Amino acid sequence: LTAANRGVVAQVFIAKAAERATDPSLDLFTEWFRVTAMVGTPAHARALIAKAQSAGKLRELVSRVSGQTEAELSGRDPRAQAAYVLGNYYASDNRTEQAEAAYELALEYEPSHPWACNNLGYSLLERGTDLERAGVLLERAHAALPEEAAITDSLGWLRYKQGILYDERGPDGAVSRRGAVNLLQAAAKTDRGQRDPTILNHYGDALWLAGRAEDARRYW
């Protein structure tokens, strides 16, 4: 058997063990999560999440695999958070299709999960497959977490792709839609943004397109 096939066999074995156990342990669910992240799919994730939820172990499982405390997870649907974490594993392994499906699963459980909205929206934006949906998701993420540098960067990059460099204003002069330069500047000025090469590169690209070549080179 190949390593991948061995992983699938392990996943099936663990899933059946969890189904048969009267009180499956947190360690068993953790191992099930691990092999699902390695070789599983979002369909497998749905089964894992449902069983862990019914066994009363899902919140503990999410806390363990995400490194977040249960207090930090308060207010989040643990099913959505579990799917989101799995999506991140798939994305880090360049399994884009499965990552997007996992984020979709997270949004099925919690439609306004801000990080699932951000990650799915950014993935769609980068692939150029559904810019309208990407925009809806990124706007939703930013409305929920406007101070998060990565989310502000995602929305700013959307505006860059849309060719909206500067803030748009309504008849009363108030900003109706922030442009790429404004959003990406805000992201680049945060502590995270000053250390994040993607955010700095995005801001540099927006400055270059805006005709500010010297400033762009500084951020690049």
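Which helices do the buried residues of α6 pack against? The legends below take up this question in the second view, after an overview of the predicted model.

**Figure 1. Overall view of the predicted protein model, with its 13 helices and two strands.**
The C-alpha atoms fill a box of roughly 65 × 40 × 30 Å when this is taken along the principal axes, and 45% of the 220 residues in the protein are buried. Among the contacts with a separation of 6 or more, 49% are accounted for by residues 24 or more positions apart. The accessible surface comes to about 11300 Å², and carbon and sulfur atoms contribute 50% of that area. There are 26 positive and 29 negative side chains, and the centres of these two sets lie 3 Å apart.

**Figure 2. Close-up of helix α6 (residues 96-109) and the helices that its buried residues pack against.**
Helix α6 has 14 residues and reaches 20 Å from its first C-alpha to its last, which is close to the 20 Å expected at 1.5 Å a residue. The buried residues of this helix are A99, E100, A102, Y103, L105, A106, L107 and Y109. In answer to the opening question, these buried residues pack against α3 (42-54), α5, α7 (114-127) and α8 (131-144).

**Figure 3. Close-up of helix α4 (residues 58-66) and the glycine just after it, G67.**
The buried residues of α4 are L58, L61, V62, S63 and V65, and what covers them includes α2 (26-39), α3 and α5. Just after the helix, G67 takes a positive phi of about 80°. V62, one of the buried residues of α4, is also among the residues touched by Q81, the residue at the centre of the next view.

**Figure 4. Close-up of Q81 in helix α5 (residues 78-92), with the residues that Q81 touches.**
Q81 has a relative accessible area of 5%, and because this value is under 20%, the residue counts as buried. The side chain of Q81 is joined to that of H113 by a polar contact of 2.7 Å. When residues up to four places away in sequence are not counted, Q81 touches V62, Q68, L73, R76 and H113.

**Figure 5. Close-up of E110 in the loop between α6 and α7, with its partner R76.**
Although placed in a loop, E110 is buried, with a relative accessible area of 11%. A polar contact of 2.4 Å joins the side chain of E110 to that of R76. Leaving aside residues up to four places away in sequence, E110 touches R76, D77 and A80. R76 therefore links this view to the preceding one, since R76 is touched by E110 and is also among the residues that Q81 touches.**Figure 6. Close-up of R127 in helix α7, together with T96 and E100.**
R127 is partly exposed, with a relative accessible area of 44%. Along the chain R127 and T96 are 31 residues apart, and their C-alpha atoms are separated by 9.8 Å. With residues up to four places away in sequence not counted, R127 touches T96 and E100, and E100 is one of the buried residues of α6.

Terms used
Residues numbered from 1 in each chain as written. Predicted model: local features only at pLDDT ≥ 70, side-chain atom pairs only at ≥ 80, totals over all residues. Heavy atoms only, no water. Helix = DSSP H or I, 4+ residues; strand = E, 2+ residues; numbered from the N terminus. Buried < 20%, exposed > 50% of the residue type's maximum accessible area, 1.4 Å probe, protein only. Contact = heavy atoms within 4.5 Å. Areas by Shrake-Rupley, 256 points an atom, 1.4 Å probe, with all protein chains shown as cover. Lys, Arg positive; Asp, Glu negative; His and termini not counted. Charge placed at Lys NZ, Arg CZ, Asp CG, Glu CD. Polar contact = N/O pair within 3.5 Å; in protein donor to acceptor, adjacent residues only side chain to side chain. Expected span 1.5 Å × (residues − 1).
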